[in-house]
Amino acid sequence: MPEDEPQRAGLLGVEMRSVPLDDGSVVTIVCDAGLSAEEALARAQSVVQDNNRGR
């Protein structure tokens with residue numbers, strides 16, 4: 001499966017998506033299938049912020 005193609009999880013309605021961030025890094029998130037690119041970016045940025053708070 002190509003890396004740029006979301007991995008679908010059957011009937012669950014979720015997918016793993018690699019989201020490129022503004023700083024050039026890429027974050028892989030699990031999100032609702034069909035989530036818009038803007039919503040996926042916002043979710044990925046939120047995950048990064050949450051992870052950085054724990055440091």
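## The Arg17–Glu15 pair

The side chain of Arg17 makes a polar contact with the side chain of Glu15, at 2.5 Å. The model is a predicted one. The two residues also form a salt bridge, with the closest N and O atoms 2.5 Å apart. Side chains of opposite charge can pair when their charged atoms come close.

Both partners sit in strand β2: Arg17 lies there, and so does Glu15. Both are buried. Glu15 has a relative accessible area of 2%. Arg17 stands at 16%. Each counts as buried because the cut-off is under 20% relative accessible area.

Arg17 has a list of contacts beyond its neighbours within four places in sequence. Among them are Val27, Thr28, Ile29 and Cys31. Gly34, Leu35, Ser36, Ala37 and Ala40 are also on the list.

## The second salt bridge

How many salt bridges does the rule give? The count comes to 2. Besides the pair in β2, the side chains of Arg53 and Asp50 meet in a salt bridge, 3.0 Å from N to O.

This pair belongs to helix α1, which spans residues 37-53. Arg53 and Asp50 are 3 residues apart, about one turn of the helix. Are these residues buried or exposed? Arg53 counts as exposed, at 64% relative accessibility. Asp50 is partly exposed, with a relative accessible area of 42%. Arg53 is classed as exposed because its 64% is over the 50% limit.

## Strand β2 and its hairpin

Strand β2 covers residues 14-20. Its covered face carries Glu15, Arg17 and Val19. Its uncovered face carries Val14, Met16, Ser18 and Pro20. The buried salt-bridge partners Arg17 and Glu15 are thus on the covered face, along with Val19.

Strand β3 spans residues 26-32. β2 and β3 pair in the antiparallel sense, over 7 bridges. Pro20 of β2 stands opposite Val26 in β3. The hairpin of β2 and β3 has 5 residues between the strands. In this hairpin, Gly24 takes a positive phi near 95°.

## The nonpolar core

Which residues make up the largest nonpolar core? There are 8 in all: Val19, Leu21, Val27, Ile29, Cys31, Leu35, Ala40 and Ala44. The elements giving two or more residues to this core are β3 and α1. β3 gives the most, with 3 residues. In soluble globular proteins, nonpolar side chains tend to be buried together.

Val19 is a core residue on the covered face of β2. Its neighbours within four places in sequence aside, Val19 is in contact with Ser25, Val26, Val27 and Ile29, among others. The contacts of Val19 also include Ala40, Leu41 and Ala44. Of these partners, Val27, Ile29, Ala40 and Ala44 belong to the core as well. Arg17 is in contact with core residues too, including Val27, Ile29, Cys31, Leu35 and Ala40.

## The chain as a whole

The protein chain holds 1 helix and 3 strands. From the N terminus on, the elements run β-β-β-α.

Of the 55 residues, 18% count as buried. The accessible surface comes to about 4,300 Å². Carbon and sulfur atoms account for 51% of that surface. Among contacts between residues at least 6 apart in sequence, 7% join residues at least 24 apart.

Technical notes
Residues numbered from 1 in each chain as written. Predicted model: local features only at pLDDT ≥ 70, side-chain atom pairs only at ≥ 80, totals over all residues. Heavy atoms only, no water. Salt bridge = Lys/Arg side-chain N within 4 Å of Asp/Glu carboxyl O. Buried < 20%, exposed > 50% of the residue type's maximum accessible area, 1.4 Å probe, protein only. Helix = DSSP H or I, 4+ residues; strand = E, 2+ residues; numbered from the N terminus. Pairing = 2+ DSSP bridges. Core = buried A, V, L, I, M, F, W, Y, C linked by side-chain atoms within 4.5 Å. Contact = heavy atoms within 4.5 Å. Areas by Shrake-Rupley, 256 points an atom, 1.4 Å probe, with all protein chains shown as cover. Polar contact = N/O pair within 3.5 Å; in protein donor to acceptor, adjacent residues only side chain to side chain.
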